[in-house]
Each structure stands twice: as structure tokens, then as C-alpha cells.
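Reader: I should like to go through this model and ask on what grounds each term is applied. Please begin with the surface.

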Amino acid sequence: MKTSFKTSFFSLKKNNRGSAALLMGLFAPVVMVAVGSAVDYSNLLRITGKSKAALDSASLAAATELSTGSIDLDEAEARARELFDVNLAGVLEGQQQAFNFSLISQAHASAPLDQPASDSCNLGYRDFEMTFNPETAQITTSATITVPTTLMSVAGYDCMTAELASSASYRANENSDTKVEFSFVLDVTGSMGNGGRLAALKEAMTTSIDILLPEDGSNDDRVRVGMVPYAYSVNLGEWHKDAVGSNTASASSANECVTEREGTNAFTDVVPNENISNTLYETDSALRRFSSGACPGVIIRPLTNDRTDLLEDVDDFRASGFTAGHIGIDWGFNLLSHNFRNFWPDASAPASHSAENVRKVLVVMTDGAFNTAYYDETTQGSLGLARQQFSVSRDAALQFCDLAKEEDQNIEVYTVAFRAGNSAESLLRACATPDDEETGETYFFDADSNEGLIIAFQRIVAKELQVFLTQ
């Protein structure tokens with residue numbers, strides 16, 4: 001027996017490749033299930049996070065429409081579900097493209113988002129529900145997200161689910177007489193052409209306009225919206241000569257864009273006047289060399305309640321050029337400034353800063369650091385990104401932000417950093433109205449995805465219409 005055992009033992013020892021293969025064969029399914037669980041769980045968390053944002057957005061928008069009377073309570077659940085479908089479709093479409101394994105077959109991809117409670121498992125949701133609490137004017141939406149598994153299916157687990165809920169409330173009729181003026185300063189620079197960013201901005205603005213100025217005209221008497229698309233500069237269109245004057249080289253520019261003004265009134269809201277020194281804006285020679293490209297194609301839109309004009313402007317946004325964000329902030333402020341009331345048409349004249357029941361809101365958005373300025377030849381260069389331009393544009397932007405935040409201006413400044421990087425985030429945090437620790441009100445938003453940009457804009461407009469996300 002000893003001889004036989006030794007022979008067998010040493011034979012097995014020498015044949016260690018076979019034993020390793022045997023062990024691998026025994027543990028491979030365990031390893032695969034463990035790895036598959038980690039992959040599938042990570043995928044579930046990613047989808048759940050984005051789906052929660054989509055549900056939050058639906059809750060806010062439905063509560064907003066209830067608060068303005070554009071829908072009634074009987075219509076609210078269908079409207080919330082419709083909004084959730086729209087928001088979630090973009091999330092799941094991107095997920096299908098990024099996670100295109102066998103779990104997402106053509107059948108899955110083409111299946112409806114709202115899934116029946118059955119043994120099948122598609123990428124989508126089921127059990128959508130909305131409830132309303134009349135005492136708190138709060139709506140609560142909920143849904144179950146369903147996500148097919150990949151490697152976990154080997155162990156017989158074909159589906160993972162997550163329960164989501166979101167609540168939003170509004171102050172019913174509390175501020176029905178309050179009027180709101182919104183000025184959106186929007187980055188349409190070249191980098192916005194990457195990764196679907198411009199499409200996300202268009203959707204964010206379209207959704208915001210739909211909330212602020214519903215098709216039924218229910219907000220027309222209390223809400224006006226203005227927009228300042230910016231890149232190398234801002235396009236003033238018919239107001240160009242009023243800003244630069246008739247006796248300057250700028251007036252003969254090949255385009256209608258303006259850069260900064262210099263001197264003692266560089267960082268004031270004194271209205272341009274040919275008879276007052278240092279009040280006129282300039283069209284830099286660097287811009288005059290171009291008939292297009294350096295001048296954004298969409299003209300500044302002063303305050304209006306014409307949703308058609310606003311939506312047409314948004315549709316015309318094109319991505320091009322560098323980032324002179326301080327110029328955009330300057331003119332975004334000018335849309336709201338009481339001193340500029342005679343610069344704009346009567347219908348677009350901003351209300352007085354001291355007017356009762358008027359809220360003024362400046363929203364500044366960028367996807368990167370400000371990097372272009374024209375104040376003098378040293379900073380101008382030849383439209384190159386000289387190192388000092390970053391600091392010059394940043395410093396100027398902060399001065400305009402500080403001007404807008406002065407107490408007597410009565411302006412709330414919101415900022416949105418859209419996949420923007422640390423430098424831009426730091427700038428926009430400093431630019432925004434400080435967060436209110438007591439109430440939890442937030443004025444800086446870090447949107448790290450296309451969906452995040454849309455949600456940030458919806459939260460801003462919902463808050464200013466007295467609608468609040470509560471869960």
C-alpha cells in the first residue's frame with residue numbers, strides 16, 4: 001500500500017498541470033458569478049442614479065405645471081409618466097449603446113419602457129405611480145427600474161430591480177402676483193459640439209421654456225425670458241450701433257458683435273451713451289477680420305414672453321469659437337439691469353430693482369474655462385489663447401458677477417458648470433449667489449453629464465416658480 005500510495009502521490013505531484021486545470025474547472029463558475037455580480041451591480045447603480053434624476057425631473061415638471069394651472073390633478077399622473085418616459089428614454093438609449101452585450105437584444109432595445117410585471121425582463125421600468133397630498137401640495141412619483149443581467153444569468157439571475165421614489169411640492173397660489181425675469185447666459189463655443197453637449201443644452205433650454213412659458217399662455221403675464229449666447233463675443237444685432245456708437249471704428253464692423261468696454265465704466269451698468277466717456281462698447285479688430293465664426297449666429301434675445309421666438313433661437317444654436325464668458329455675463333446682467341430699461345424695446349425693458357413682487361434671475365452656464373479677452377493688445381494677441389487671457393477673462397467675469405450680486409440689484413445668480421473641469425467650477429462657485437445653509441437653497445450646480453445639465457436647469461426654473469424637490 002505504501003508503494004502504491006507513494007507512486008500515486010508523486011505521480012499526481014508531477015502532473016500539477018492537470019490538478020490546476022481541475023481546480024480552475026471547479027472554481028471558474030464561482031469566479032464568473034462573483035465577477036458578473038460586481039459588473040451587473042455596478043451597471044444597476046449607474047442606471048438607477050440616472051433614472052432617479054429622470055424621475056426627479058418628471059416630479060418637478062409635473063408639480064410646476066400643476067402650480068401654474070396648465071394641467072389639473074386628473075391629468076397629473078399621465079403627464080408625470082409622459083415626462084418620465086421622455087427623460088428616461090435618453091438615459092436608456094445611451095445605456096444600450098454603451099452596454100451593447102447580449103442582455104440588450106434587439107427585442108430589448110425596441111421594447112416599451114413601461115414593462116408589465118412578468119417573468120420577462122427588459123431594460124425599462126414598471127409599476128409607475130403618482131400620489132398627491134392636498135395639504136402639502138406635494139406630488140410623489142415612484143417606479144421600479146428593471147435591468148437585465150449579463151454574467152449573473154449563468155447562475156439563474158436574469159433580472160435586477162431598484163425601487164425609486166421622488167417628491168416635489170409647490171406653494172399653491174402663494175406668490176401668484178410675483179413676476180420673474182430670467183436671463184440665461186449660454187455657452188455655444190466650439191467645445192459644445194462634442195459629446196452631445198449642444199443637444200443637451202438645447203433640450204435643457206427647451207424644457208425650461210416649456211415650464212416657464214407654457215403653450216397655453218398661463219405664465220405670459222408674470223414670466224419673461226432673455227438669452228445671451230456667447231463664444232468669442234456676443235451678437236447684439238440691431239442694438240449693435242447703440243452699444244458702440246456711430247463715431248467709432250467699431251461701428252463699421254463686418255459683424256454685429258461686441259467685446260468689452262474699457263475705462264472707468266468697464267464694470268458698471270451705465271447705459272452706453274456717445275456723450276459720456278468710457279460707456280461705449282467695442283468691436284475688437286480681431287473680430288472685424290471675420291465676417292462669420294467670431295460672431296455667434298444667434299442674436300441676444302432681450303426679455304420676452306414669446307416662447308416661439310425663444311424656441312427658434314435655441315434651435316439655431318451652433319457650436320463655434322473660444323470662450324469669452326465675461327462678455328456673456330456682462331450682457332446677461334444688462335438684460336436685467338434697471339439702468340438698461342431704455343436701451344431695450346419697451347416690451348423688453350427690465351423692471352426696477354426696487355419693484356415689489358419681482359424676482360430677477362441670472363443663470364450662467366459654461367462647459368469650460370473662460371479663455372478669451374480683448375481689453376488691450378497684451379491680452380488680445382491675435383485671438384490666440386495667451387496664458388494671461390484666462391486670468392483676465394476670469395477676473396472680469398467675477399467683477400460682473402459681484403456687480404449682479406450687489407444687494408440693491410435684487411438678482412439671484414445661478415451658475416451651472418457643465419462637464420467643465422476644476423478651473424471653471426471654481427469660477428462659477430465664486431460667481432453664484434452663496435448657498436443658504438439654513439434653507440438648503442443651492443445656487444451652484446455641477447452638471448457632470450448631459451442629463452445632469454437638463455436636471456440643473458429644471459431645478460432652477462422650478463425653484464423660481466416656487467416648486468421644490470422634497471425627496
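Author: This is a predicted model. The accessible surface of the chain comes to about 21,600 Å², and carbon and sulfur atoms account for 49% of that area.

Reader: What share of the 471 residues counts as buried, and what makes a residue buried?

Author: A residue is called buried when its relative accessible area is under 20%. By that criterion, 50% of the 471 residues are buried.

Reader: What are the numbers of helices and strands in the chain?

Author: The chain contains 13 helices and 12 strands. Six strands, in the order S8-S5-S4-S9-S10-S11, form an open sheet with mixed pairing.

Reader: Why are strands S8 and S11 said to stand at the edges?

Author: Strand S8 (301–304) and strand S11 (444–447) each have a single partner strand, so one side of each is left without a neighbour in the sheet. From one strand to the next, the twist averages 15°.

Reader: How do you know that S4 and S9 pair?

Author: Two strands count as paired if there are at least two bridges between them. Strand S4 (residues 179–187) and strand S9 (residues 358–366) have 7 bridges, in the parallel sense, so the criterion of at least two is met. Glu181 stands opposite Lys360 in S9.

Reader: What makes helix H13 a helix that packs on the sheet?

Author: Helix H13 (residues 450–464) touches S4, S9, S10 and S11, where contact means heavy atoms within 4.5 Å. The direction of H13 makes about 170° with that of S10. Helix H5 (residues 197–212) lies across S4, S5, S9 and S10, running at about 175° to S4.

Methods. Residues are numbered from 1 along each chain as its sequence is written. This is a predicted model: local features need pLDDT of at least 70, side-chain atom pairs count only at pLDDT 80 or more; totals for chains, interfaces and linings use all residues. Side-chain values use heavy atoms; hydrogens and water are left out. Helices (H or I, at least four residues) and strands (E, at least two) are DSSP runs, numbered from the N terminus. Buried means under 20% relative accessible area, exposed over 50%, partly exposed in between (1.4 Å probe, protein chains only). Accessible areas come from the Shrake-Rupley method with a 1.4 Å probe; for residues, only the protein chains shown count as cover. Axes are lines fitted to C-alpha atoms, for helices over the stretch in contact, and angles run from 0 to 180 degrees between N-to-C directions.
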